[in-house]
Amino acid sequence: MYGFTEITPDELEQWRNEGKTFRLLDVRSPGETGRGVIPGAELIPLATLPLRKDEFTGGDTPLVIYCQSGARSAQACAFLAQQGVDGASSLRGGIVGWAQTGKPVVSPD
């Protein structure tokens, strides 16, 4: 309906284990990301996403976008879909859902 899908923490971990190529974007604020990120995430605060949308058009690498709980990542995915970006998925439950399943959270680089 909104032009994007959701991916669960287990599905994302499976993608990693299979060696699937994707970009992982964290759209939380710098204050939030300072408390920890999912390994390999690119930090792109939601407010700056419109300025960087051209980075994501025309590519065939899937995007997985997450935030704290999943609401802002859904907004980001919907925005990118409106801009013609295909293949964006929102991480269900955000980093909270990721951590609740026992998956690693690391300090940002």
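**A walk through the sheet, starting at Phe 22**

Hi everyone. Leaving aside residues up to four places away in sequence, Phe 22 is in contact with Leu 12, Trp 15, Arg 16, Thr 61, Pro 62 and Val 64. I begin here since it gives us a friendly way into the fold. Please keep in mind that what you see is a predicted model.

So where does Phe 22 sit in the chain? Phe 22 belongs to the loop that links helix 1 and strand 2. Is Phe 22 buried or exposed? Its relative accessible area is 17%, and buried means under 20%, so Phe 22 counts as buried. Now look at one of its contacts, Val 64. Along the sequence, Phe 22 and Val 64 are 42 residues apart, yet their C-alpha atoms are 7.1 Å apart in space.

Let me stay with Trp 15 for a moment, another residue that Phe 22 touches. The charged end of Lys 20 sits over the ring of Trp 15, and the distance to the ring centre is 3.7 Å. As for aromatic pairs, the structure holds one.

Now to the sheet. In what order do its strands lie? The sheet is open, has five strands, and reads 1-5-4-2-3, with parallel pairing. At the edges we find strand 1, residues 5-7, and strand 3, residues 42-43, and each of these pairs on one side only. Helix 1, residues 9-18, packs on this sheet and touches strand 1, strand 2 (23-26), strand 4 and strand 5. The direction of helix 1 makes about 75° with that of strand 1.

Let's walk across the sheet, strand by strand. Strand 1 runs parallel to strand 5, and three bridges join them. Here Glu 6 stands opposite Ser 90 in strand 5. Next, strand 5 (residues 88-91) pairs with strand 4 (residues 63-66), in the parallel sense, over three bridges. Within that pairing, Leu 63 has Ala 88 as its bridge partner, and Val 64 stands opposite Ser 89.

Going on, strand 4 and strand 2 are parallel and joined by four bridges. On this side, Arg 23 faces Leu 63, while Leu 24 has Val 64 as its bridge partner. So you have now met Leu 63 and Val 64 in both pairings of strand 4. The last step is from strand 2 to strand 3, which are parallel and joined by two bridges. There, Leu 25 stands opposite Glu 42.

What about the two faces? In a regular strand, side chains alternate between the two faces of the sheet. Strand 4 shows this nicely: Leu 63 and Ile 65 point one way, Val 64 and Tyr 66 point the other way, and all are buried. Strand 5 is covered on both faces too, with Ala 88 and Ser 90 buried on one side and Ser 89 and Leu 91 buried on the other.

How does the chain get from strand 4 to strand 5? It passes through helix 4, residues 71-82, and together strand 4, helix 4 and strand 5 make a right-handed β-α-β unit. Inside helix 4 you will find Ser 73. Ser 73 has a relative accessible area of 0%, so this residue is buried. Which residues does Ser 73 touch, apart from those up to four places away in sequence? They are Val 27, Ile 65, Tyr 66, Cys 67, Ser 90 and Leu 91.

For contrast, let's finish with Arg 35. Arg 35 lies in the loop between helix 2 (30-33) and strand 3. Why does Arg 35 count as exposed? Its relative accessibility is 63%, and exposed means over 50%. Between the C-alpha atoms of Arg 35 and Ser 69 the separation is 14 Å, and these two residues are 34 apart along the chain.

That brings me to the end. If you take one picture home, let it be the open sheet with the order 1-5-4-2-3, with helix 1 packed on it. Thanks for listening!

Conventions:
Residues numbered from 1 in each chain as written. Predicted model: local features only at pLDDT ≥ 70, side-chain atom pairs only at ≥ 80, totals over all residues. Heavy atoms only, no water. Pairing = 2+ DSSP bridges. Contact = heavy atoms within 4.5 Å. Axes fitted to C-alpha atoms, helices over the stretch in contact; angles between N-to-C directions. Phe/Tyr/Trp six-rings, centres within 6.5 Å; stacked < 30°, edge-to-face > 60°. Lys NZ or Arg CZ within 6 Å of the ring centre and 35° of its normal. Buried < 20%, exposed > 50% of the residue type's maximum accessible area, 1.4 Å probe, protein only. Right-handed = clockwise from strand over helix to strand, strands pointing away.
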